[in-house]
Amino acid sequence: MKYNFKGSLRIVFISLLVLLCGILVKFIFEEEDVSYHNKEVYTTINNDKTSKTTNQDLEISSKETNITYDKVAYITIDDGPSKFTKQILDILDRNNVKATFFMINKNMNIYKDEVKRIQQDGHGAGFHSVSHDVKRLYKTPQATLEEFSICRDTYYKITGETSNLVRIPYGSKPYTPEESYKILIENNFLVWDWNLDTEDWKATTDNIVSNVLLNGRNKDELVLLIHEKEQTVEALDGIIKVLKERGYQILPITEDIEAMNFWSKNL
């Protein structure tokens, strides 16, 4: 019997060709599947500007929204409202942060719209006296009580809400007589001091942020003191960034939080 070499070679060639086609088809479908599952997801942000984000990026972003905080910071703002209050509120809103405003009576009457917005936006609201003058404020314990009672009444007339939060000018020590401190506590006022003074009233914008970086270390609970100053407005974004990067949850002061002051020695 004569062996048909050419016929056998043709069969082998056809078999290899079929095998290669099968491998190629499988490869193409697997590539399409991988491409689908790793496709780019487009999200529209900032006035329809488009940003590309991979599925892996979305997974990381989802994890970041579940951050748990073990440190808290209260940004407290003295001496307002003022011509800077709207800018401050806009910055806080942009950063999704709530602060606490300790306001002077005269300024509340001048900037009523800002007072209303402080209340409506969910910020903490407290009082920083009528006179901001230690001689008048501490003339008698009753004079001390009267100044903060006047502030509370003014706030109620403007917003329909009330508050018992107090920031005594220059802090509750060393100027406040014990009798003045006690009469405020007896009348349910909650006195708040601070444990981080940014010294923004005499510092540059860069120095304010540096003070937060330097003096805000190793504290699980921060009460920052700032004022309604131009340089402070310019520093506020930086302050917030530092606090967030260090893992602080930034909250407003509310009346269900134990007041922290130099008399109670819990600062």
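Biologist: In this predicted model, the backbone oxygen of Gln-231 lies 3.2 Å from a polar atom of the side chain of Thr-205. What makes this pair a polar contact?

Modeller: A polar contact requires a pair of N or O atoms within 3.5 Å, and the value here, between the side chain of Thr-205 and the backbone oxygen of Gln-231, is 3.2 Å. Leaving aside neighbours within four places in sequence, Thr-205 is in contact with Gln-231, Glu-234 and Ala-235.

Biologist: Where is Thr-205 found, and how do you know whether Thr-205 is buried or exposed?

Modeller: Thr-205 is found in helix α9, which covers residues 205–215. Its relative accessibility is 18%, and since buried means under 20%, Thr-205 counts as buried.

Biologist: What is the place of Phe-189, and why is Phe-189 called buried?

Modeller: Phe-189 has its place in the loop between α8 and β7. With a relative accessible area of 1%, set against the cut-off of under 20%, Phe-189 is therefore buried. Leaving aside neighbours within four places in sequence, the residues in contact with Phe-189 include Leu-145, Phe-148, Arg-152 and Leu-184. The C-alpha atoms of Phe-189 and Leu-145 are separated by 9.2 Å, although these residues are 44 residues apart along the chain.

Biologist: Turning to the helices, what makes α3 roughly parallel to α10?

Modeller: The axes of helix α3 (residues 85–94) and helix α10 (residues 230–245) come within 10 Å and cross at roughly 20 degrees. Angles under 35 degrees count as roughly parallel, and therefore α3 is called roughly parallel to α10. The crossing of these two helices is right-handed. Among the residues that meet there are Ile-88 and Ile-91 in α3, with Leu-236 and Ile-240 in α10, and the residues of this contact divide into six nonpolar, one polar and two charged.

Biologist: Why, then, is α7 called oblique to α8?

Modeller: Helix α7 (residues 141–159) and helix α8 (residues 178–186) have axes that come within 8 Å and cross at roughly 45 degrees. That angle is not under 35 degrees, not over 145 and not between 65 and 115, so α7 is oblique to α8. Their crossing is right-handed. Pro-141, Gln-142, Thr-144, Leu-145 and Phe-148 in α7 meet Glu-179, Ser-180, Ile-183 and Leu-184 in α8, and by class this contact has five nonpolar, three polar and one charged residues.

Biologist: Asn-96 and Ser-129 lie in loops; how do you know which of them is exposed and which is buried?

Modeller: Asn-96, in the loop between α3 and β4, has a relative accessible area of 68%, and because exposed means over 50%, Asn-96 is exposed. Ser-129, in the loop between β5 and α6, has a value of 0%, under the 20% cut-off, so Ser-129 is buried. Phi of Asn-96 is near 55 degrees, a positive value in a residue other than glycine, and Ser-129, which is not a glycine, has a positive phi of about 90 degrees.

Biologist: Which omega values go with the cis peptide bonds at Pro-81 and Pro-174?

Modeller: The peptide bond from Gly-80 to Pro-81 is cis, with omega near -5 degrees, and Pro-81 has its place in the loop between β3 and α3. The peptide bond from Lys-173 to Pro-174 is also cis, with omega near 10 degrees, and Pro-174 belongs to the loop between β6 and α8.

Methods. Residues are numbered from 1 along each chain as its sequence is written. This is a predicted model: local features need pLDDT of at least 70, side-chain atom pairs count only at pLDDT 80 or more; totals for chains, interfaces and linings use all residues. Side-chain values use heavy atoms; hydrogens and water are left out. Helices (H or I, at least four residues) and strands (E, at least two) are DSSP runs, numbered from the N terminus. Buried means under 20% relative accessible area, exposed over 50%, partly exposed in between (1.4 Å probe, protein chains only). A polar contact is a pair of N or O atoms within 3.5 Å; within protein, one must be able to donate a hydrogen and the other to accept it, and residues adjacent in sequence count only if both atoms are side-chain atoms. Contact means heavy atoms within 4.5 Å. Axes are lines fitted to C-alpha atoms, for helices over the stretch in contact, and angles run from 0 to 180 degrees between N-to-C directions. A crossing is left-handed if the near helix is turned anticlockwise from the far one by less than a right angle, and right-handed if clockwise. Ala, Val, Leu, Ile, Met, Phe, Trp, Tyr, Cys and Pro count as nonpolar, Asp, Glu, Lys and Arg as charged, and the others, Gly among them, as polar.
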